[in-house]
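Here's a quick briefing on one helix and one pocket. Have a look at the model first, then read on.

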Amino acid sequence: MNKEFPPPPYVKYKYNNINGLRALSAIGIAVMHYQANLSVKPCLGWVSDVLIPWFSWLVFLFFMISGFALCCGYYDRMKNGKVSLNEFYGKRYKRILPFFGLLCVFDLLADFSKEHLAQAFMNVTLVFNLLPDSEMKVIGVGWFLGLIFLFYMLFPFFVFLLDNKRRAWMVLGLSLIVNLLCQEYFFTDAFVGFDPDRRNILYSAPFLLAGGLCFLYRDALHRWAVKRGKFLLIWCIVVNALYFVCPQSVGTLHKVIPLLAVFTLWLIYAMGAEHGWMHNRVMDFLSNISMEIYLCHMLMFRIVERIHLENFIQDENLLFIVTCVAGIGASVVFSYVVRNMIDYVFLHSGHGRLRREKISKK
């Protein structure tokens with residue numbers, strides 16, 4: 001196939017570069033959490049003071065990718081009524097619950113209390129984002145999963161909102177107004193006693209909708225990204241760098257609009273021709289277990305923390321690097337092994353009968 005042109009409309013194009021975005025985002029968030037939780041902080045100047053803390057916002061890139069990827073798989077089928085809701089939601093539970101539930105059990109055993117038991121129970125329902133405050137101490141990073149599962153619950157309505165491009169743009173504009181109202185009124189003491197911030201889907205909706213809009217324009221964006229190539233990569237880097245120097249205010253919804261610009265450009269770049277640094281065996285491998293890495297990286301950090309590496313490594317920068325390598329490495333191994341064990345159980349159970357039949361036919 002000629003790489004200079006997109007495939008015909010009837011051919012489903014695989015946006016393999018997104019594997020790189022998933023993998024790098026999961027690693028970046030882990031690095032950010034490790035620096036934030038280390039008792040001895042690294043001294044890397046701008047990198048440790050500004051760049052690494054910024055990795056926290058990569059969850060918004062995850063939201064955008066989720067909106068785009070789910071549309072790639074289900075938008076047309078949902079719109080045409082060709083999706084079994086039992087299959088759709090059952091697949092989401094089977095993909096998420098076994099690994100997440102296991103982590104909740106580990107966390108509960110490590111620090112048992114009635115409060116943690118209640119939180120663990122709500123976690124495994126996967127609907128805990130419906131609570132007024134979805135911040136949980138049991139697998140604290142799981143707030144992301146709660147919001148994503150709520151997005152899955154609302155996906156039929158999401159497809160309705162993106163029924164056509166005109167409506168999609170209007171809804172995106174409304175979502176930005178809602179985000180502003182959340183920041184300035186609904187998430188303040190004047191309305192509620194706490195600020196859910198990005199844990200609330202109304203706040204994070206612009207990123208999910210932006211991913212959906214990229215899907216609606218996927219053919220045109222693919223052609224444009226293929227033609228621009230390295231020039232687009234330079235623009236991604238420049239705009240990303242400008243984020244750190246441009247002032248943020250109410251007019252930009254503080255960080256929301258700048259982050260939308262940055263992450264939309266990166267997603268469009270990933271929608272173009274395949275790039276070796278974003279689509280290769282390592283990126284594909286890490287992308288396949290990126291959710292598991294994200295969910296378990298803090299558990300692995302607590303294990304590494306018990307080794308007390310600071311007693312053996314005096315240099316704070318080297319300590320940080322070794323901690324990241326050990327913690328993320330352990331997360332990758334744990335995620336890969338447990339994910340394969342779960343797949344094996346499903347494959348050899350009654351739930352895996354149809355899957356075995358498909359494999360045998362191939």
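What covers the buried residues of H8? The cover includes helix H7 (155–161), helix H9 (201–216) and helix H12 (256–270). Keep in mind that this is a predicted model, where local features need pLDDT of at least 70, side-chain atom pairs count only at pLDDT 80 or more, and totals for chains, interfaces and linings use all residues. Residues are numbered from 1 along each chain as its sequence is written, and side-chain values use heavy atoms, with hydrogens and water left out.

**Helix H8**
- Helix H8 spans residues 165–186, and its buried residues (under 20% relative accessible area, 1.4 Å probe, protein chains only) are Ala 168, Val 171, Leu 172, Ser 175, Asn 179, Cys 182 and Gln 183.
- Looking down the axis of H8, you'd find these buried residues within an arc of 115 degrees, so they line one face of the helix.
- Arg 166 and Met 170 are exposed (over 50%) and sit on the face of H8 turned away from the buried side.
- At the N-terminal end of H8, Asn 164 acts as a cap, with a side-chain oxygen 3.3 Å from the backbone nitrogen of Arg 166.

**The second largest pocket**
- The second largest pocket has a volume of about 480 Å³.
- It has 17 lining residues, and the closest to its centre are Asp 107, Lys 137, Met 298, Leu 299 and Arg 302.
- Helix H4 (85–110) and helix H14 (290–305) each give two or more residues to this lining, and H14 gives the most, with 5 residues.
- The lining divides into 9 nonpolar, 3 polar and 5 charged residues.

Conventions: On a 1 Å grid over the protein atoms alone, a cavity is a set of points where a 1.4 Å probe fits but cannot get out, and a pocket is an open set with protein on both sides within 12 Å along at least five of seven lines; lining residues have an atom within 4 Å of a point. Grid points are joined across faces, edges and corners, and a volume is the space filled by probe spheres set on the points. Helices (H or I, at least four residues) and strands (E, at least two) are DSSP runs, numbered from the N terminus. Ala, Val, Leu, Ile, Met, Phe, Trp, Tyr, Cys and Pro count as nonpolar, Asp, Glu, Lys and Arg as charged, and the others, Gly among them, as polar. The arc is that of the directions from the helix axis to the C-beta atoms. Contact means heavy atoms within 4.5 Å. A polar contact is a pair of N or O atoms within 3.5 Å; within protein, one must be able to donate a hydrogen and the other to accept it, and residues adjacent in sequence count only if both atoms are side-chain atoms.
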